[in-house]
Amino acid sequence: MSSPLAADAPDLTPGPLDIPIPVRWTDLDAYGHVNNAAMVRLLEEARIAAFWQPPAEQIALGAPRPPAALPISGAGDALSTVIASQRVEYSRSLGHRRDGVLVRLWLSRIGGASLSVDYLVLTRDDPEAAAPYARARTVVVMVDAASGAPVRLEQATRRMLERFTGEPLRFRD
């Protein structure tokens, strides 16, 4: 992948985004590795950091702007998102890491009202993704917050998101 690893901020160049995410002590299970439910939370935190715009008042207080903002900002907004599906494959156990992980993510598909977000869970000592801990895909659907009906992505949003597209991951079957 072409994106350099950032120590404390998301990569802002087109292509895959490397989002640093802390691994918390509470993410571990009794076996000493990141629990499967906690892994889904790590992916969610990366997705939010990459795509969800904080409200203007939080930006004024120093909240970072996402590199690839969707036209939504959260509760009370006219548009919302729902997760249509999620798939996670684990390659090896991830223990507690004080340096956290890097979640490399990109869009593998931009549909009419949906996006497929692909991820690799990496560490800073593996910038070439030679041995990811996990690979995953989430299908996110844009919906009208009041009705729950899917809402097509506008052309301007689609053009902006196309900068963050890449090849779809292959999963074991």
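## A quick tour of the sheet, the cores and a few loops

Ala-129 is found in the loop between E4 and E5. It's a handy place to start, since the model you're looking at is predicted and Ala-129 has a backbone angle worth a look: its phi is near 60°, a positive value in a residue other than glycine. For background, most residues other than glycine have a negative phi. From here, let's go through the sheet, then the cores, then the ring contacts and two glycines.

**The sheet**

- Five strands make up an open sheet, and if you walk across it you meet them in the order E1-E3-E4-E5-E2, with antiparallel pairing.
- Strands E1 (17-21) and E2 (79-90) stand at the edges with a single partner strand each, so one side of each has no neighbour in the sheet.
- The sheet has a twist to it: on average, neighbouring strands are turned by 25° against each other, direction ignored.
- In general, what holds strands of a sheet together is backbone hydrogen bonds, in either a parallel or an antiparallel arrangement.

**Strand E3 and its two partners**

- On one side, E3 pairs with E1 in the antiparallel sense, over 5 bridges.
- Two of the residue pairs to look for here are Pro-20 with its bridge partner Leu-102 in E3, and Leu-17 with its bridge partner Leu-105, also in E3.
- With E4 (residues 114-122), strand E3 (residues 101-110) shares 8 bridges, and these two strands run antiparallel as well.
- E3 and E4 form a hairpin, with 3 residues between them.
- Leu-105 turns up again in this pairing, where it stands opposite Tyr-119 in E4.
- Are E1 and E3 mostly covered, and how many of their residues are buried? In E1 the count is 4 of its 5 residues, and in E3 it is 9 of its 10 residues, so both strands are described as mostly covered.

**The nonpolar cores**

- The largest nonpolar core has 36 residues, and Phe-51 and Leu-105 are the ones with the most contacts inside it.
- E1, helix H1 (36-51), E3, E4 and E5 each supply at least two residues of this core.
- Which element gives the most to this core? That's H1, with 7 residues.
- Leaving aside residues up to four places away in sequence, Leu-105 touches a whole set of others, including Pro-16, Leu-17 and Ile-19, then Ala-46, Arg-47, Ala-50 and Phe-51, and also Val-117, Asp-118 and Tyr-119.
- There is also a second, separate core of 6 residues, and among them are Leu-120, Leu-122, Ala-129 and Phe-171.
- So Ala-129, the residue with the positive phi, is back again as a member of that second core.

**Rings**

- A search of the whole structure finds 1 aromatic pair.
- The pair is Phe-51 with Trp-52, and it's edge-to-face: the centres are 6.1 Å apart and there is 80° between the planes.
- Both Phe-51 and Trp-52 are buried.
- Another ring to find is that of Tyr-133: the charged end of Arg-92 sits over it, 3.8 Å from its centre.

**Two glycines in loops**

- Gly-112 has its place in the loop between E3 and E4.
- Is Gly-112 buried or exposed? Its relative accessible area is 22%, and since buried means under 20%, Gly-112 counts as partly exposed.
- Not counting residues up to four places away in sequence, Gly-112 touches Val-151, Arg-152, Leu-153 and Arg-158.
- Gly-112 and Val-141 are 29 residues apart in sequence, with 9.2 Å between them in space, C-alpha to C-alpha.
- Gly-148 lies in the loop between strand E5 (134-144) and helix H3 (155-162).
- Gly-148 is partly exposed too, with a relative accessible area of 45%.
- Gly-148 and Leu-79 are 69 residues apart along the chain, and their C-alpha atoms are separated by 9.0 Å.

Terms used:
Residues are numbered from 1 along each chain as its sequence is written. This is a predicted model: local features need pLDDT of at least 70, side-chain atom pairs count only at pLDDT 80 or more; totals for chains, interfaces and linings use all residues. Side-chain values use heavy atoms; hydrogens and water are left out. Buried means under 20% relative accessible area, exposed over 50%, partly exposed in between (1.4 Å probe, protein chains only). Rings of Phe, Tyr and Trp (its six-membered ring) pair if their centres lie within 6.5 Å; planes under 30 degrees apart count as stacked, over 60 as edge-to-face and the rest as tilted. A charge sits over a ring if NZ of Lys or CZ of Arg is within 6 Å of the ring centre and within 35 degrees of the ring normal. Two strands pair if DSSP finds at least two bridges between them. Axes are lines fitted to C-alpha atoms, for helices over the stretch in contact, and angles run from 0 to 180 degrees between N-to-C directions. A nonpolar core is a set of buried Ala, Val, Leu, Ile, Met, Phe, Trp, Tyr and Cys residues joined through side-chain atoms within 4.5 Å. Contact means heavy atoms within 4.5 Å.
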